[in-house]
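The report that follows takes up a few places in the structure shown here, beginning with a loop and ending with the contact between chains.

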Amino acid sequence: MTFRVAVVTAGLREPSSTRMLADRLAEATVSAGAARGEQVEIEVVDLRTIAGALTSALMSGVQSPEVSAATTAVTTADAVIAVTPIFSGSYNGLFKTFFDLVDDGALAGTPVLLGATAGTPRHSLAIDHALRPLFAYLRALVVPTGVFAATDDFGQVGSRPADDVAPLDQRVERAGAELVDILLARGRKQVKDEFADFTSFDELLGQG
Amino acid sequence: MQFGVFSVSDLTVDPTTGRAPSEAERIKAIVTIATKAEEVGLDVFALGEHHNPPFVSSSPTTTLAHIAARTTRLQLSTATTLITTNDPVRIAEDYAMLQHLADGRVDLMLGRGNTGPVYPWFGQDIRNGIELAVENYALLHRLWREDVVDWQGRFRTPLQSFTSTPRPLDGVPPFVWHGSIRSPQIAEQAAYYGDGFFHNNIFWNIEHTARMVELYRERFEHYGHGRADQAIVGLGGQVYMHKDSQQAVREFRPFFDVAPVYGHGPSLEEFTEATPLTVGSPQQVIDRYASMREHVGDYQRQLFLIDHAGLPLKTVLDQLDILGEDVVPVLRKEMAIGRPAHVPDAPTHASLVAAAGGGRDATVYAEGDDVTGASPEASRAEEVVTP
């Protein structure tokens, strides 16, 4: 089976360490899928390229074609990898703006792998205190391992001498494998047709 | 094919002068706009219903009755009538009254409103929006078709032996359009009753509009009201015109940039690409709107929004002149090309009377009076029981 995974990245710079983490999580997911004999296709939604259009959509309610393509990619994917930089203790505004434009219920039951980056490891719990509540509201199925990468993590391979935190590559690998486990258990996402979401009047008025 | 304008009745500061009209000025301006619409040869004027500033039109039947008295040909409609928070009994009464005064030149567009607090202000719960629209319309539909109604529902006091007066003119209720942007349930409702479906697409791309209309057409046929391409479809629209298209953009941009709802958001260029808003020469408006039927099929009613965002009355009247002289006559011809003969026009009172096999006096007379207490129901019985 081929699964489609959308990768949302809210990094603001180019190059971006957030994008870097997102790519690593995507690769880990593809490898974990291959190890299980499944193909995973990745579609990246880089929010910085549509930042202005996202604000316009929020203000006017009108989604431009690129915003509409981005929300559709995410809401129809079999799973989502969502990665944001941590600003002022939480996901950044761009990340929240995007998920504010996703329809209520559109991610319900969708497996989601969370990632976050920051300048220092002091923000490492932001995934648990900020991102998880947001995705709990969206009723997404969040993968147990969230991957936080501080700038220093990109320079670590193997175990740190000073503490017993698993290094980034191991955490990324574990998270990808967990996402694939859940993806296989859930199967392909059944996307609800918004234009079929009604009750026939025969039935509604008790005449059917 | 009917062409017209609709007003949401907003009181907005004119950004070029810093001045907002008073309520008195705006209310009179709405009447002037409506009478001008008839004068320039448009077919329809539709007025919104709102219950909060910056809107002035809380009582559309009062305004429309006044307009009816000052016009002879113009079809009067609403944009929209709140089927969720109005008592359906009052809608039945108010619009039947208006229908008589306007000699039948009345239809309604039902909607659920766009202001959340209107629900609690009128004692309702916004979470029941769709259920209210379904139940209230089911009652309204009966009140106009049955002289005496016994009824019980979830949202309003039960009715026993109730007669809504006046009865519809010539025994034919006003035509009803159901307006919805995103709710397939409302398209289904319009289809079930064989009523019209109006998609106010001014904030939507045409692909979405086309899907909603397609659903309505499919279900219209499913319920046996005719073929899918015979369903009654209306679209919203928004235009600003000048014979020099660059001048149109220059004039409209200051209004666009700070307009309620979409101001401070997308650029004028982005918004005109994504939505039906067309700012330019009359020919550009003709080209854009003549292409609508490629997406939604041959349709029956096209309404334009032209008087919002603080545009001064004089500008709006100029826009009406352009619509009436340069745009609508051409669009009428364009839309008629290749339109199959079996596609109907929008229903009017005359066409509905003809379809009913002629008009009849539907007056219900009460036997006796308040003192004897006889009911309209009793007046219809063979034998009137007197105390």
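## A loop residue of chain B

In this predicted model, B:Thr157 lies in the loop that runs between β6 (149-151) and β7 (159-162) of chain B. B:Thr157 counts as exposed because 9 other C-beta atoms lie within 10 Å, and a residue is classed as exposed when that number is 12 or fewer. Measuring from C-alpha to C-alpha, B:Thr157 is 36 Å from B:Leu11 in space, and the two are 146 residues apart in sequence.

## The nine-stranded sheet of chain B

Chain B contains an open sheet of nine strands with parallel pairing, and their order is β3-β2-β1-β13-β10-β9-β8-β5-β4. The edges are taken by β3 (75-78) and β4 (81-82) of chain B, each of which has a single partner strand, so that one side of each is left without a neighbour in the sheet. Helix α7 (residues 206-222) of chain B packs on this sheet, where it touches β9 and β10 (233-235) of chain B, and its direction makes about 170° with that of β9(B).

Within the sheet, strand β8 (residues 175-179) of chain B runs parallel to strand β9 (residues 196-199) of chain B, and three bridges join the two. B:His178 has B:Phe197 of β9(B) standing opposite. At the edge, β2(B) and β3(B) also run parallel and are joined by four bridges, with B:Ser77 in β3(B) as the bridge partner of B:Ala46. Both faces of β3(B) are covered, since B:Gln75 and B:Ser77 on one side and B:Leu76 and B:Thr78 on the other are all buried.

## Helix α2 of chain B

Helix α2 (residues 60-69) of chain B has as its buried residues B:Pro60, B:Thr61, B:Thr63, B:Leu64, B:Ile67 and B:Ala68. Because these residues cover an arc of only 160° around the axis, they are placed on the same side of α2(B). The elements against which the buried residues of α2(B) pack are α1 (23-39), β2 (44-47), β3 and α3 (88-101) of chain B.

## The nonpolar core

The largest nonpolar core holds 154 residues, of which A:Val8, A:Leu25, A:Val80, A:Ile81, A:Val112, B:Phe45 and B:Phe197 touch the most other members. Helix α5 (residues 129-143) of chain B contributes the largest share of this core, with seven residues. When residues up to four places away in sequence are not counted, A:Ile81 touches A:Val5, A:Val7, A:Ala22, A:Leu25, A:Ala26, A:Thr29, A:Leu113 and A:Gly115.

## A helix residue of chain A

A:Ser68 belongs to helix α3 (residues 65-76) of chain A. A:Ser68 counts as partly exposed because it has 18 C-beta neighbours inside 10 Å, whereas a buried residue would need 20 or more. Its C-alpha atom is separated by 10.0 Å from that of A:Ala53, which is 15 residues away along the chain.

## Contact between the chains

In the contact between the two chains, 15 residues of chain A meet 19 residues of chain B. On the side of chain A that touches chain B, α2 (51-60) and α7 (201-204) of chain A each supply at least two residues, and the largest share, three residues, comes from α2(A). The residues on this side of chain A divide into eight nonpolar, six polar and one charged.

How values were computed:
Residues are numbered from 1 along each chain as its sequence is written. Chains are lettered from A and ligands numbered from 1 in the order in which they are written. This is a predicted model: local features need pLDDT of at least 70, side-chain atom pairs count only at pLDDT 80 or more; totals for chains, interfaces and linings use all residues. Two strands pair if DSSP finds at least two bridges between them. Two residues are in contact if their C-beta atoms, placed from the backbone, lie within 7 Å. Axes are lines fitted to C-alpha atoms, for helices over the stretch in contact, and angles run from 0 to 180 degrees between N-to-C directions. Ala, Val, Leu, Ile, Met, Phe, Trp, Tyr, Cys and Pro count as nonpolar, Asp, Glu, Lys and Arg as charged, and the others, Gly among them, as polar. A nonpolar core is a set of buried Ala, Val, Leu, Ile, Met, Phe, Trp, Tyr and Cys residues joined through C-beta atoms within 7 Å. The arc is that of the directions from the helix axis to the C-beta atoms.
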